[in-house]
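Subject: Handover of a structure and its internal cavities

Dear colleague,

Please find below the structure that I am handing over to you. A short account of what was found in it follows.

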Amino acid sequence: MFSGSWKESNMMVIPLEIPDQNIDTEALQVVFGSLYRDDVLIKPSSVVSILAAACMLQLDGLIQQCGETMKENVGAKTVCVYYSSASIYGLDSVMKKCLEWLLNNLMTHQNVDLMKELGVDVIELLIQSSDLFVMQVEMDVYTALKKWMFLQLNPSWDGPIKQLLADADAWLCKRRTEMGEEEPFLKAEDGAPFTPVFRHVRLQYIINDLASARILERDNILPPDWLTSVYKSQWFAMLRTEHDNDNGPQDANKEEFQSGSMRCGRKLTKDGDYCWRWTGFNFGFDLLVTYTNRFIVFKRNTLSQPCGGAVSLQPRRHLAYRLRLASFDNSGKLVCSRSTGYQLLTLEKDQVSPGPQYPVWSMKSQALPEYVVMNLDSRLLSFPLYVCCNFQYTSPHMDRRPDAPEPESSARSVP
């Protein structure tokens, strides 16, 4: 261009047409400078502009360096911008990193500004995932979506995160009163765009709690036919448990587990002894979770501890589960994490307990009421520690025979 027979060879100033609005003068200077030196300093604040310019000039080495810079600096203030830019310029690894960060932090570290930035497409990917790090129970996923929807429709809202839910509920109540609408909010014009997101809420794990079911009815966000079908499905599941000898999943069905498992979590603020259960009716399977002396233990409670609901007295119950632990730094990055993977487990009634089985569990032993799920290395522990579990208490198979044989071992990994 500068030494041949092109017209630019005789021009002192050459105008360039830059079709990409993400590219600025500073980014062009960095990109042109990279042609003459290997060491390029990329600031996280300018990485998107540099990436855009590098893609325009097809500089693969610089594109890769931009991607690494983005992955190292994913946080609440950058994750949405980085994800959007990565999708535009084809950096799949950056998109994956951003989604992982969001799955870990959307519920554990709720942030008003982040909720305002998240679009429908991204939030839908998060809500449908079995890897979403849920805190408390599925009702809290619904509540987080309600707050997110309120912020999308009221982007000027500016207040503390603790006030957000109250204001969102007040806004929904005022809207119902003023409009006099009996139809659910998702059927209204301004609510319709949020339908795909709410479709992925696992309602079967919300209507199993009376207080949560009443809130769903009060909010009138969801169409009634959504709830009707879930109530019907859960009723048949309960009948199969009571009358068709469905003692829980015994076969490895990872796809069904990922799409339909119960999601719940708990934050352990400091090291100590903890024991808890997650609320809701789980077909008579009262599962107690204990953290003590760096062990996490599952116990099937029948008669040894008070329980507010019905408890199954069947000799054995089966469940599928996955337990994950994680701790994060101030920017939401993983400091340490552990996972059991997908597992199948059989537990007996607690009143025939031969005693706690610490810390070793024999895969060939008979089923017991307690099971050590994880033994943690104290050197890797960092608090606060976040515990996230997925559970499946009933068999997903409609054609399961009542006389199906018991599994040979009490605990199995799902391949």
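Helices and strands are named here from DSSP runs and numbered from the N terminus; a strand is a run of E with at least two residues. Please note that this is a predicted model.

The search covered the whole structure and found six cavities of 30 Å³ or more. Two of them are described here.

The largest cavity holds about 80 Å³ of space. Its lining consists of V137, E138, M139, Y205, I206, N208, D209, S212, M262, R263, C264 and T279. Two elements, α8 (138-153) and β1 (262-268), each supply at least two residues of that lining. The greatest contribution is from β1, which gives three residues. Sorted by class, the lining of the largest cavity has six nonpolar residues, with three polar and three charged ones.

Where does the largest cavity lie with respect to the domains? Residues of its lining come from both domain 2 (110-245) and domain 3 (254-351 + 368-394), and the cavity therefore lies between these two domains.

The second largest cavity contains about 70 Å³ of space. A total of 12 residues line this cavity, and those nearest its centre are D251, N253, F257, A320 and Q392. By class, the lining of the second largest cavity comprises eight nonpolar, two polar and two charged residues.

Yours sincerely

Notes: Residues numbered from 1 in each chain as written. Predicted model: local features only at pLDDT ≥ 70, side-chain atom pairs only at ≥ 80, totals over all residues. Heavy atoms only, no water. 1 Å grid on protein atoms, 1.4 Å probe; cavity = no way out; pocket = protein on both sides within 12 Å on 5 of 7 lines; lining within 4 Å. Points joined across faces, edges and corners; volume = space filled by probe spheres on them. Helix = DSSP H or I, 4+ residues; strand = E, 2+ residues; numbered from the N terminus. Nonpolar A, V, L, I, M, F, W, Y, C, P; charged D, E, K, R; others polar. Domains from an automatic or database assignment.
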